[in-house]
Amino acid sequence: MNSYKLIAVDIDGTLVRSDQSISPRTLDALIRVQKQGVKVAICSGRPTYGIAPHAETLRLSEFGGFVISYNGGSICNWTTKEEIYSRTLDPEVLPYLCDCTRKHRFSILTYVGEHIVAEGWNVAENSYVQFTSMRNKMPIHPVSDFLTEVTYPISKCMIVGDPEPLHQLEQEMVSCLQGRAEAYRSEPFFLEVVPQGIEKAQGLAVLLNHLGMESEELMTFGDGFNDIGMIQHAGMGIAMGNAQEVVKKAAGFVTLSNEADGIAVAVEKFIPRLPDTPC
């Protein structure tokens with residue numbers, strides 16, 4: 001009998017290929033296990049709106065799946081669309097974030113409804129902001145004063161810029177925001193700021209408790225630094241073949257890359273098809 005009752009998948013570099021599509025083999029594998037009774041959750045730093053198209057492709061609403069967005073800050077039952085958990089950023093950290101952004105000539109952004117609200121140096125042509133817009137299929141709304149023009153509450157902020165100076169800012173922020181918020185890079189050019197204690201592993205712990213499941217019944221897939229916690233938290237934590245080396249070292253199994261059906265390969269290995277599973 002299958003011992004895994006919940007599969008959690010990161011999106012970028014994991015579930016989707018470089019063209020933002022889910023491969024037919026991976027889609028088939030995740031639909032098949034849902035038909036066998038395994039729950040699937042998409043667990044991403046993206047906003048809920050940016051995850052929705054992939055949730056529909058995986059038919060999560062049909063099979064009782066979940067969307068964990070903002071790196072664990074929000075959990076939504078995709079069948080009922082009920083938000084069963086939510087945490088937002090302390091607004092008192094926003095002036096500090098904006099000061100850092102302006103000082104270093106980075107851009108700061110957040111998600112409001114179907115839009116990305118962004119302030120920064122030449123933000124309309126900033127390649128990192130444009131990449132975020134493309135990835136989430138959300139238009140950019142440039143503002144001149146982030147603090148007064150953004151809509152509260154905020155689930156997370158992201159500061160974007162060139163990797164080396166952003167790494168230096170990350171080190172400063174980790175110290176300055178201690179006890180008030182978490183700051184870490186999800187990509188070399190993305191510095192995420194989320195509520196204190198929020199990360200994917202914590203979000204999955206909340207979901208497991210909600211479902212009455214144990215961590216040993218959880219299988220996770222990821223490739224980035226912000227996936228390490230959920231990989232270590234799972235009964236079977238799986239790193240993609242394209243993952244950072246530190247992520248691979250944290251994993252119980254390393255599969256093929258996101259371009260080579262890595263999720264499907266591992267699912268087929270650890271969760272065999274039952275003879276009576278409908279196609």
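Here is a chat between a trainee and a mentor about this predicted model.

Trainee: Let's start with the big sheet-like part. In what order do the eight strands of the open sheet run?

Mentor: The pairing in this open sheet is mixed. Eight strands take part, and their order is β5-β4-β3-β2-β1-β12-β13-β14.

Trainee: Which strands stand at the edges of that sheet?

Mentor: Look for strands with a single partner strand, because one side of each is then left without a neighbour in the sheet. That picks out β5 (82-86) and β14 (253-254).

Trainee: Do β1 and β12 pair in the parallel or the antiparallel sense?

Mentor: Find β1 at residues 6-9 and β12 at residues 218-222. I7 stands opposite M219 in β12. Four bridges link β1 and β12, and the sense is parallel.

Trainee: Which strands of the sheet does α11 touch?

Mentor: Helix α11 packs on the sheet, and its direction makes about 160° with that of β12. The strands it touches are β1, β12, β13 (236-239) and β14.

Trainee: And α2, at what angle does that helix run to β3?

Mentor: Helix α2 covers residues 48-57 and lies across β2 (39-43), β3 (66-69) and β4 (74-77). Its angle to β3 is about 150°.

Trainee: Back to α11. At roughly what angle do the axes of α1 and α11 cross?

Mentor: Two packed helices are described by the angle between their axes and the distance between the axes. Here α1 (residues 24-35) and α11 (residues 262-270) have axes that come within 7 Å. The crossing is left-handed. As for the angle, the axes cross at roughly 40°.

Trainee: How many residues of the contact of α1 with α11 are nonpolar?

Mentor: On the α1 side you'll find R25, T26, A29, L30, R32 and V33, and they meet I263, A264, V265, V267 and E268 in α11. The residues of this contact include one polar and three charged, and the nonpolar ones number seven.

Trainee: On to the aromatics. Is the pair of F131 and F189 stacked or edge-to-face?

Mentor: A search of the whole structure finds six aromatic pairs. For F131 and F189, the ring centres are 5.9 Å apart and the planes stand at 85°. Planes over 60 degrees apart count as edge-to-face. Therefore the pair is edge-to-face.

Trainee: How many residues apart in sequence are the parts that F131 and F189 tie together?

Mentor: F131 sits in helix α5 (residues 127-136), while F189 is in the loop between β10 (181-187) and β11 (190-195). So the pair ties together parts whose separation in sequence is 58 residues.

Trainee: Which residues form one aromatic cluster?

Mentor: F189 also pairs with F190, with ring centres 4.7 Å apart and planes at 80°, so that pair is edge-to-face as well. The cluster is made up of Y128, F131, F189 and F190.

Trainee: Is F190 buried or exposed?

Mentor: F131, at 27% relative accessibility, counts as partly exposed. F190 has 2% relative accessibility, and the cut-off for buried is under 20%. So F190 counts as buried.

Trainee: Now the hairpin of β6 and β7. Which residue there takes a positive phi?

Mentor: β6 (residues 107-112) and β7 (residues 115-120) pair in the antiparallel sense over six bridges, and T110 stands opposite V117 in β7. Two residues lie between the strands of the hairpin, and the one with a positive phi near 60° is G113.

Trainee: Which residue in β8 stands opposite V117?

Mentor: β7 pairs with β8 (residues 140-142) too, in the parallel sense over three bridges. Opposite V117 in β8 stands H141.

Trainee: Is K137 buried or exposed?

Mentor: K137 lies in the loop between α5 and β8. Phi of K137 is near 55°, a positive value in a residue other than glycine. With a relative accessible area of 55%, K137 is exposed.

Trainee: Last one: in which loop does P153 lie?

Mentor: The peptide bond from Y152 to P153 is cis, with omega near 0°. As for its place, P153 is in the loop between α6 (146-149) and β9 (157-160).

Key
Residues are numbered from 1 along each chain as its sequence is written. This is a predicted model: local features need pLDDT of at least 70, side-chain atom pairs count only at pLDDT 80 or more; totals for chains, interfaces and linings use all residues. Side-chain values use heavy atoms; hydrogens and water are left out. Axes are lines fitted to C-alpha atoms, for helices over the stretch in contact, and angles run from 0 to 180 degrees between N-to-C directions. A crossing is left-handed if the near helix is turned anticlockwise from the far one by less than a right angle, and right-handed if clockwise. Contact means heavy atoms within 4.5 Å. Ala, Val, Leu, Ile, Met, Phe, Trp, Tyr, Cys and Pro count as nonpolar, Asp, Glu, Lys and Arg as charged, and the others, Gly among them, as polar. Two strands pair if DSSP finds at least two bridges between them. Rings of Phe, Tyr and Trp (its six-membered ring) pair if their centres lie within 6.5 Å; planes under 30 degrees apart count as stacked, over 60 as edge-to-face and the rest as tilted. Buried means under 20% relative accessible area, exposed over 50%, partly exposed in between (1.4 Å probe, protein chains only).
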